[in-house]
Amino acid sequence: MKWRLASGVLCDKRVPPIFKGKLYKVVVRPAMMYKAECWPVKNSHIQKMKVAEMRMLRWMCGHTRMDKIRNGDIQEKVCVAPIDDKMGEARLRWFGHVQRRSPDAPVRRCERLIMEGTRRGRRRPKKYWGEVIS
């Protein structure tokens, strides 16, 4: 929804790419990464986030995949860091908050999942947040 609301400015050819990148970082990316620090992220989740981000960045720059411009070149053009790096930073920042909190503080649902780590069933075990951090 945030992409659609901001697409009028982000897809305008008269707006400089640096400004588009700043607007993207302030409006669209936080909406995409909402609560990402608590996700037990799998490689498939990271890949989907990368694909969604690059589709938006290509659209902002007016390029398609047929133009054969590398992802890194487009990210440099709009001054945007890769989303998987930002997800890792958010995860480590949250980990620091969890480590520093007092022992008698109330436990949130995502923190409870970190501590429990119970695994059941015959399928592949679920990946827990603590495993992602380590």
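Two residues are in contact when they have heavy atoms within 4.5 Å of each other. Keep that cut-off handy for the exercises below, and remember that this is a predicted model.

**Exercise 1. Find out what surrounds Arg29.**

Task: Say where Arg29 sits, decide whether Arg29 is buried or exposed, and list what Arg29 touches.

Solution:
- Step 1: place the residue. Arg29 belongs to helix α2.
- Step 2: check the accessibility. Buried means under 20% relative accessible area. Arg29 has a relative accessible area of 5%, so Arg29 is buried.
- Step 3: look for partners, skipping residues up to four places away in sequence. Arg29 then touches Tyr24, Glu53, Val80, Ala81, Pro82, Ile83 and Lys86.
- Step 4: cross-check two of these partners. Glu53 is among the buried residues of α3, and Ile83 is among the buried residues of α5.

**Exercise 2. Get the overall layout.**

Task: How many helices and strands does the protein have, and what percentage of its residues is buried?

Solution:
- Step 1: count the elements. There are seven helices and zero strands.
- Step 2: write the pattern along the sequence. You get α-α-α-α-α-α-α.
- Step 3: turn to burial. Of the 134 residues in the protein, 31% are buried.
- Step 4: see how far apart in sequence the contacting residues lie. Take the contacts between residues at least 6 apart in sequence: 55% of them join residues at least 24 apart.

**Exercise 3. Work out how α1 and α2 are arranged.**

Task: Are α1 and α2 roughly parallel or antiparallel to each other, and which residues meet between them?

Solution:
- Step 1: read the geometry. Helix α1 covers residues 2–10 and helix α2 covers residues 17–32; they pack at an angle of about 175°, and their axes are 10 Å apart.
- Step 2: apply the cut-off. Angles over 145 degrees count as roughly antiparallel, and α1 and α2 are therefore roughly antiparallel to each other.
- Step 3: name the residues that meet. From α1 come Lys2, Trp3, Ala6, Val9 and Leu10, while α2 brings Phe19, Lys20, Leu23, Tyr24, Val27, Val28 and Ala31.
- Step 4: sort this contact by class. You end up with 10 nonpolar, no polar and two charged residues.

**Exercise 4. Follow α3 into the core.**

Task: Describe α3, then find what α3 gives to the largest nonpolar core.

Solution:
- Step 1: check the length. Helix α3 (residues 43–61) has 19 residues and reaches 27 Å from its first C-alpha to its last, close to the 27 Å expected at 1.5 Å a residue.
- Step 2: list its buried residues. They are Met49, Glu53, Met54, Met56, Leu57, Arg58, Met60 and Cys61.
- Step 3: see what these residues pack against. The answer is α1, α2, α4 (71–78) and α5 (83–100).
- Step 4: open up the core. The largest nonpolar core has 21 residues, and Tyr24, Val28, Met32, Met33, Leu57 and Met60 have the most contacts inside it. Each of α1, α2, α3, α4 and α5 supplies at least two residues of this core, but α3 gives the most, with six residues.
- Step 5: zoom in on one core residue. Leaving aside neighbours within four places in sequence, Leu57 is in contact with Tyr24, Ile74, Gln75, Val78 and Val80.
- Step 6: look for another core. A second, separate core of five residues includes Trp94, Val98, Trp129 and Ile133.

**Exercise 5. Hunt for positive phi values.**

Task: Where do Lys35 and Lys68 lie, and what is phi for each of them?

Solution:
- Step 1: recall the usual case. Most residues other than glycine have a negative phi.
- Step 2: take Lys35. Lys35 lies in the loop between α2 and α3, and its phi is positive, near 60°. Its relative accessibility is 45%, so Lys35 counts as partly exposed.
- Step 3: take Lys68. Lys68 lies in the loop between α3 and α4, and its phi is positive too, near 55°. With a relative accessible area of 74%, Lys68 is exposed.
- Step 4: now a glycine. Gly62 follows α3 and has a positive phi, near 80°.

**Exercise 6. Place Ile69.**

Task: Which residues does Ile69 touch?

Solution:
- Step 1: locate the residue. Ile69 lies in the loop between α3 and α4 and is partly exposed, at 25% relative accessible area.
- Step 2: list the contacts. Not counting residues up to four places away in sequence, Ile69 touches Arg58, His63 and Ile74.
- Step 3: add a distance. Ile69 and Arg58 are 11 residues apart along the chain, and their C-alpha atoms are separated by 9.1 Å.

Terms used:
Residues are numbered from 1 along each chain as its sequence is written. This is a predicted model: local features need pLDDT of at least 70, side-chain atom pairs count only at pLDDT 80 or more; totals for chains, interfaces and linings use all residues. Side-chain values use heavy atoms; hydrogens and water are left out. Axes are lines fitted to C-alpha atoms, for helices over the stretch in contact, and angles run from 0 to 180 degrees between N-to-C directions. Helices (H or I, at least four residues) and strands (E, at least two) are DSSP runs, numbered from the N terminus. Angles under 35 degrees count as roughly parallel, over 145 as roughly antiparallel, 65 to 115 as roughly perpendicular and the rest as oblique. Ala, Val, Leu, Ile, Met, Phe, Trp, Tyr, Cys and Pro count as nonpolar, Asp, Glu, Lys and Arg as charged, and the others, Gly among them, as polar. The expected span of a helix is 1.5 Å times one less than its number of residues. Buried means under 20% relative accessible area, exposed over 50%, partly exposed in between (1.4 Å probe, protein chains only). A nonpolar core is a set of buried Ala, Val, Leu, Ile, Met, Phe, Trp, Tyr and Cys residues joined through side-chain atoms within 4.5 Å.
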